[in-house]
Amino acid sequence: RKLLKADKKCLVLFEPESTYTNTKLIFSAYKKLLENHYFGGAKNPRNPFKNCKNPSEIFSLHRRIQIEMRNTLNRIGFLANYDGSLRLRGEVPVSNLLKKLLKEEFNVKENSFYKQDYFISMPKWESIWSSENYEKIGIQIEELGGLKIYPYYTVWSPTSRRYLKLLLDYVTQNQAFLKAKTSVLDLGCGSGVLSFLFAQRLKTKYIYAVDTNPEAVRCTQVNFQLLQSESKLTAVNASIDSSSLNQLRETFRKNEFPNKFDIMVSNPPWLVASYLNPEHLLDYGSYDPKEKVLHGCFSLASQGLKDDGVFLLIYSDLGEILGLQPEDRISTLCKEYNLIIKNKKAIPFNDPSKIKEDIDPLQNFKARARIIPVSYTHLTLPTIYSV
């Protein structure tokens, strides 16, 4: 701990003689020490937020602490061989995903010799190993009739699915109206789970999907094949933020997307803040700097829906509660983009039965926040929006 604090550039490397089990135990113990440094322990708790004057200051300080903790923990790790094996002893798991990532990074060729000097941080390894397990066993989705989604590394896993229940309720209640629709555009598709719901429940003929993460596009394509749907999927890699709409429309044109859509659906990032780490693709699903993605979605809905089209937006008012957005933000954007809210329903941000005991200074604010499905329309266009 003293070494990491004294030298901000040093790395702490577990020796190859270390056992895998011990490295996990030591790393977990150090994570606990680091949490205690900021928040104290059960006997001597600390409150680093006591001087914060409002929720926005609490949020900003919490993010700064997250960044400091992440940067520190990312300096602890071990060596990995170019074939993806870990240079540790004992029962060491074998990761095909790590082997694939190393091959791509170093353009490794078979039967060639490479120095065994790849450093992998413990947080990165935990992320890779967790993702690999999800890819192998999948995540069962009740809203898809129990079918499984197999998420990829760097793609948000649909482990929290209360928003899917919201969307399914809307689809079920408006099934007669939606059945006649033939095209869906999924903005920020991720694993593709939102558009799959339309393909399976409504047999929507044409599914179009776009995401800024190329792995999300591949994930959507592969999972769609496993779904064995009669719908036709076209998925592309492109940014949907407001500064890239011209390039996005050109991408749509090249891939023969229609000019107008019956349905648009999106679950964009809910927090208007800069990325904790711009190289961390999962941050793109959490934060929306300057509301660029949100404005991009509204702009596309305003210009790209058919006259009887529907824009289904899943969003939360957590940003408003934290002081990151003005009050009633979605209603204001609807007026700005000539959309009308047709449908609205709210559920708590957190499932009260599954609240974790982790240190979370934003828990009180999350307890007040809601997720709401709402329908908006362009003149008479319906849409759903969750706050």
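1. Let's start with Glu 132 and Lys 136, whose side chains form a salt bridge with an N to O distance of 3.8 Å. In this predicted model, the two residues belong to helix H5 (residues 122-137) and sit 4 residues apart, about one turn of the helix. Glu 132 counts as buried because its relative accessible area is 4%, and buried means under 20%.

2. A pair in another helix is worth a look too: Glu 250 and Arg 253 meet through their side chains in a salt bridge of 2.5 Å, N to O. Both are in helix H10 (residues 245-254), 3 residues apart, so about one helical turn separates them. Where do Glu 250 and Arg 253 stand on exposure? Glu 250 is partly exposed at a relative accessible area of 32%, while Arg 253 is exposed at 55%.

3. Next comes Arg 329, which makes a side-chain salt bridge with Glu 291 (2.7 Å, N to O). Here the pair links distant parts of the chain, with the two positions 38 residues apart in numbering: Arg 329 is in helix H13 (residues 329-336), and Glu 291 is in the loop between strand E9 (261-266) and helix H11 (292-304). Is this pair buried or exposed? Arg 329 is buried, with a relative accessible area of 12%, and Glu 291 is buried as well, at 7%.

4. As for the overall tally, the model has 8 salt bridges. Among them are Glu 132 with Lys 136, Glu 250 with Arg 253, and Arg 329 with Glu 291.

Key:
Residues are numbered from 1 along each chain as its sequence is written. This is a predicted model: local features need pLDDT of at least 70, side-chain atom pairs count only at pLDDT 80 or more; totals for chains, interfaces and linings use all residues. Side-chain values use heavy atoms; hydrogens and water are left out. A salt bridge is a side-chain nitrogen of Lys or Arg within 4 Å of a carboxyl oxygen of Asp or Glu. Buried means under 20% relative accessible area, exposed over 50%, partly exposed in between (1.4 Å probe, protein chains only).
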